[in-house]
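This report treats a single protein model, with attention to its strand pairing, its internal spaces and selected residues. The sequence and structure are shown first.

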Amino acid sequence: MAIKSTVFKAELNITDMDRNYYATHHLTLARHPSETDERMMLRLVAFAQHASESLELTRGLCADDEPDIWQMDLTGAIEQWIDLGMPDEKRIKKACGRSAEVWIYAYGARVVDIWFDNIKGQLTRFNHLNVVGIDADTLAELAKMTERTMQLQFTIQDGQTWVSDNTHNVLVEARPLLRMGQVV
């Protein structure tokens, strides 16, 4: 018998002073059995950093042809493609061909630097691709906030993202690796 996904409910109160975006989003997340708390919380961080009324969580790990998060316009064209992890060049090329803007949130401690060093030469041709590395310690702190029902506050200002709940306050350390096709 296959293990089923675990359902989580999250209320995100987002105060993004960099984009003048202030909203509350009620999300239902189906966490795949192979997904860690760290990865699921990173999905919420990525959602908050790009939040809009049309941004959506997708089937994620259950679908090879979809990113973890996307935003489509009214015609169905993909405006933003947001992936987590360290995708191969083929997947990145596909994302860049299908979307106006692509974001990759790479995580995995020192492995991220090795992955990026091996692939960065092929990525600079995509002028709408952005890659950031997320620190393992930050993910560990975010994982402590994981509950089946979460109320999280996101404060984004001057490029910094703070995530808090009733007992935790975490600064998300996102290290830019590639910005608009340029190695940082």
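The sections below take up the sheet, the hairpins, one helix, the pocket and cavity, and two backbone outliers.

The model is predicted; local features require pLDDT of at least 70, side-chain atom pairs count only at pLDDT 80 or more, and totals for chains, interfaces and linings use all residues. Residues are numbered from 1 along each chain as its sequence is written, and side-chain values use heavy atoms, with hydrogens and water left out.

**Sheet and strand pairing**

Helices (H or I, at least four residues) and strands (E, at least two) are DSSP runs numbered from the N terminus, and two strands pair if DSSP finds at least two bridges between them. An open sheet of seven strands runs in the order S3-S4-S5-S6-S7-S11-S12, with mixed pairing. Strand S3 (55-57) and strand S12 (182-183) are at the edges with a single partner strand each, so one side of each has no neighbour in the sheet.

The table lists four strand pairs of the model.

| Pair | Sense | Bridges | Example of facing residues |
|---|---|---|---|
| S3 and S4 (residues 69-72) | antiparallel | three | Glu56 and Trp70 |
| S1 (residues 6-16) and S2 (residues 21-31) | antiparallel | eleven | Ala10 and Leu27 |
| S1 and S8 (residues 149-157) | parallel | eight | Ile14 and Phe154 |
| S9 and S10 | antiparallel | four | Ser164 and Asn169 |

**The S9-S10 hairpin and helix H4**

Four residues make up the hairpin connection from S9 to S10. Burial is expressed here by relative accessible area: under 20% is buried, over 50% exposed, and partly exposed lies in between (1.4 Å probe, protein chains only). In S10 the side chains alternate, with Val170 and Val172 buried on one face, whereas Asn169 and Leu171 point to the other face and are not buried. In a regular strand, side chains alternate between the two faces of the sheet. Ser164 belongs to strand S9 and counts as buried because its relative accessibility is 18%. Leaving aside residues up to four places away in sequence, Ser164 touches Met145, Gln151, Leu152, Gln153 and Asn169, where contact means heavy atoms within 4.5 Å.

Helix H4 (residues 136-143) has Thr138, Leu139, Leu142 and Ala143 as its buried residues. They lie on the same side of H4 because they cover an arc of only 140° around the axis, the arc being that of the directions from the helix axis to the C-beta atoms. The buried residues of H4 pack against helix H1 (37-49), S6, S7, S9 and S10.

**Pocket and cavity**

On a 1 Å grid over the protein atoms alone, a cavity is a set of points where a 1.4 Å probe fits but cannot get out, a pocket is an open set with protein on both sides within 12 Å along at least five of seven lines, and lining residues have an atom within 4 Å of a point. Grid points are joined across faces, edges and corners, and a volume is the space filled by probe spheres set on the points. For the linings, Ala, Val, Leu, Ile, Met, Phe, Trp, Tyr, Cys and Pro count as nonpolar, Asp, Glu, Lys and Arg as charged, and the others, Gly among them, as polar.

The largest pocket holds about 500 Å³ of space. Its lining has 22 residues, of which Gln49, Trp103, Gly159, Thr161 and Ala174 lie nearest the centre. At least two lining residues come from each of S6 (99-107), S7 (129-134), S9 (160-164), S10 (169-172) and S11 (174-179); S11 gives the largest share, five residues. Nine residues of this lining are nonpolar, seven polar and six charged.

One cavity of 30 Å³ or more is present, and the largest cavity has a volume of about 30 Å³. Trp81, Asp83, Pro87, Arg91, Ile92, Ala95, Val102 and Ile104 form the lining of the largest cavity. Strand S5 (78-84), helix H2 (89-98) and S6 each supply at least two of these residues, with the largest share, three, from H2. By class, the cavity lining has six nonpolar, no polar and two charged residues.

**Positive phi outside glycine**

Which residues other than glycine take a positive phi? Asn20 does, at about 55°, and Ala109 does, near 60°. Asn20 lies in the loop between S1 and S2 and counts as exposed at 59% relative accessibility. Ala109 lies in the loop between S6 and helix H3 (111-123) and is partly exposed, with a relative accessible area of 43%.
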